[in-house]
Structure formats: C-alpha cells, structure tokens
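Visitor: Please take me closely through the aromatic side chains of this model, and then through what lies around them.

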Amino acid sequence: MIQIRKAGERGHFDHGWLNTNHTFSFASYYDPKQMGFRSLRVINEDWVDGGQGFGMHPHKDMEIITYVLEGAIAHKDTTGGEGILKPGEVQTMTAGKGLFHSEFNASDKDRLHLYQIWIVPEKAGLTPAYAQKEFPEAEREGKLVPVVTRDGRDGSLKIHQDATLYASTLKQGDEVKLDLKPGRYAWLQVARGSVALNGQALSAGDGAAVSNEQALAITAESPAEFLLFDLA
C-alpha cells in the first residue's frame, strides 16, 4: 500500500525570514492523523533567508538529520560539533540526554534550502554526538546510496535506530529499485523533480508512506533528487 502525502497538504508557515513546510505535526502545526510514520517523527522542508537562522536551543532524545539542497548552513552544538554543511553533505546529531545547538544560513545574501528530519531513537539517554560527511552527487546518480544507517555500513553515518536513509539523483527515465524485507516499511520524500513510485506520480515536496509492499521501483519522470527511508 502506498499513501501519498502531497506537498500542498503539509503544514505551511511563512515567518518572513523562514518559509517552512511540515510533513508531520510540528511546533504550532498539529494534525492527529500526521504524527509521524514508524520511527520518522519530523520531515521539515525549510527556506531560510540570508543571515537568518535558529539561535542556541535544546533538543533531547532524538536523532536529527540535516540535508541541504541549496546554500549552506552553519552549525554549532554543545558537543563541540561545528561545521558548514553544503549540498552533497549530510549531518547527523544524536541529541540523546540533551544538548544545545544553533543553525544559521552561512550566507548573508543567498537563500538556504534544506530538509531536517527527526527519527525517534531506539532508547533514551544516549550520549550526544555530531557527525558530517560528503556524499557527492556523482556517487548518488542513478543509484540508491545509503547515507545514514544503524550500522554505518558502506561509509554511511550512524544513527541509533533500525532505519536506513538512501539518497539518490536520477536523470529523466532512469530507475532504481529497492526490495523490502517482510515487515519493513518505507517513506519516499521527493526533493526535486518528479518520479513515479510503483507507477504512482510524485513531485517535489510530495512524500509517500509505504507498507505491505515487497519491492519499490522509482522512475524519474524528470531529473529528480529524493530521500528514501527503509524503516522497521
């Protein structure tokens, strides 16, 4: 079964310096039917104006993944983690027993476009941690590249949950496939372009919850970039 969550159905807020869409309930957006999917709790798509961002604020007991589409984000946290995250790079942060971090547009003039994802960890009270790694587009083109996993396989970043995040870019007409083991679920989030998921059309900003499917075929209807989660 594939249930599509259209981009226009998400919670949307324009704060002037921040334009944001919430796939699931978040902050002042609340929909009891959209509280997450499996261990996925938050998928936010944000556009942040130059020189703007989020000052130091706390998080606890969450695995946080940041994926930049345009621009660059400047990150600092109380684990000592610090860096500039650009397109092609992925950042993970284990909030664990508690930390503070800040995120700002690294440019004073260019707009920042990113996805931030929260995954519920397998247990509470973990030691906070931060990691960042580049996954070049050339390596993601035409294939599913695991960028975040539970076991750190194939050079991926690690999180504390039985979930795998794949990133991919496809040229028009290209296709990738994923076999789902029994009892596994998936979520597809289209970042750019348009794809067909087992024949169902999705465009930029659309998501799809997948259950009781044995295999997924993702075909690019136009040049596309997407995130695919394999979930327990």
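Guide: One cut-off is needed before anything else: a residue is called buried when its relative accessible area is under 20%, exposed when that area is over 50%, and partly exposed in between. The model is a predicted one, and 5 aromatic pairs are found in it. One of these joins W17 to F54 in an edge-to-face arrangement, with 5.4 Å from centre to centre and 65° between the planes. It links distant parts of the chain, since W17 belongs to the loop between strand 2 (11–14) and strand 3 (18–22), whereas F54 belongs to strand 5 (residues 53–59), 37 residues apart. W17 has a relative accessible area of 26%, so it is classed as partly exposed, and F54, at 28%, counts as partly exposed too because its value lies between the limits of 20% and 50%.

Another edge-to-face pair is made by F37 and Y185, whose centres are 6.2 Å apart and whose planes stand at 80° to each other. This pair also links distant parts of the chain: F37 sits in the loop between strand 3 and strand 4, and Y185 sits in strand 17, 148 residues apart. Here the two partners fall on opposite sides of the cut-off, because F37 is buried, with a relative accessible area of 14%, while Y185, at 22%, is partly exposed. The charged end of R38 is placed over the ring of Y185, 3.9 Å from the centre of that ring. Taken together with F24 and W187, the residues F37 and Y185 make up one aromatic cluster.

From W187 the view can be carried inward. W187 is among the residues with the most contacts inside the largest nonpolar core, which has 26 residues, and L40, V90, I117, V147, V148 and F229 share that description. Several strands give two or more residues to this core, including strand 4 (40–48), strand 11 (112–119), strand 13 (145–149), strand 17 (185–192) and strand 22 (224–231). In soluble globular proteins, nonpolar side chains tend to be buried together. V147 illustrates the surroundings within this core: leaving aside residues up to four places away in sequence, V147 touches V90, F135, S156, L157, L165 and A167. Another core, of 21 residues, lies apart from the largest one and has Y166, L170, V176 and L216 among its members.

K143 brings two of these names together, as K143 touches A167, S168 and V176 when residues up to four places away in sequence are not counted. K143 itself is found in the loop between helix 1 (137–140) and strand 13, and it is partly exposed, with a relative accessible area of 42%. Its C-alpha atom is separated by 29 Å from that of A129, although the two residues are 14 apart along the chain.

A sheet completes the surroundings. An open sheet of 4 strands follows the order 16-21-18-19 and is paired in antiparallel fashion. Strand 16 (175–179) and strand 19 (200–203) are its edge strands, each pairing on one side only, and neighbouring strands of the sheet are turned against each other by 25° on average, direction ignored. Within the sheet, strand 18 (residues 194–197) and strand 21 (residues 215–220) run antiparallel and are joined by 3 bridges, with V195 finding its bridge partner of strand 21 in A220.

Notes: Residues numbered from 1 in each chain as written. Predicted model: local features only at pLDDT ≥ 70, side-chain atom pairs only at ≥ 80, totals over all residues. Heavy atoms only, no water. Core = buried A, V, L, I, M, F, W, Y, C linked by side-chain atoms within 4.5 Å. Buried < 20%, exposed > 50% of the residue type's maximum accessible area, 1.4 Å probe, protein only. Contact = heavy atoms within 4.5 Å. Pairing = 2+ DSSP bridges. Axes fitted to C-alpha atoms, helices over the stretch in contact; angles between N-to-C directions. Phe/Tyr/Trp six-rings, centres within 6.5 Å; stacked < 30°, edge-to-face > 60°. Lys NZ or Arg CZ within 6 Å of the ring centre and 35° of its normal.
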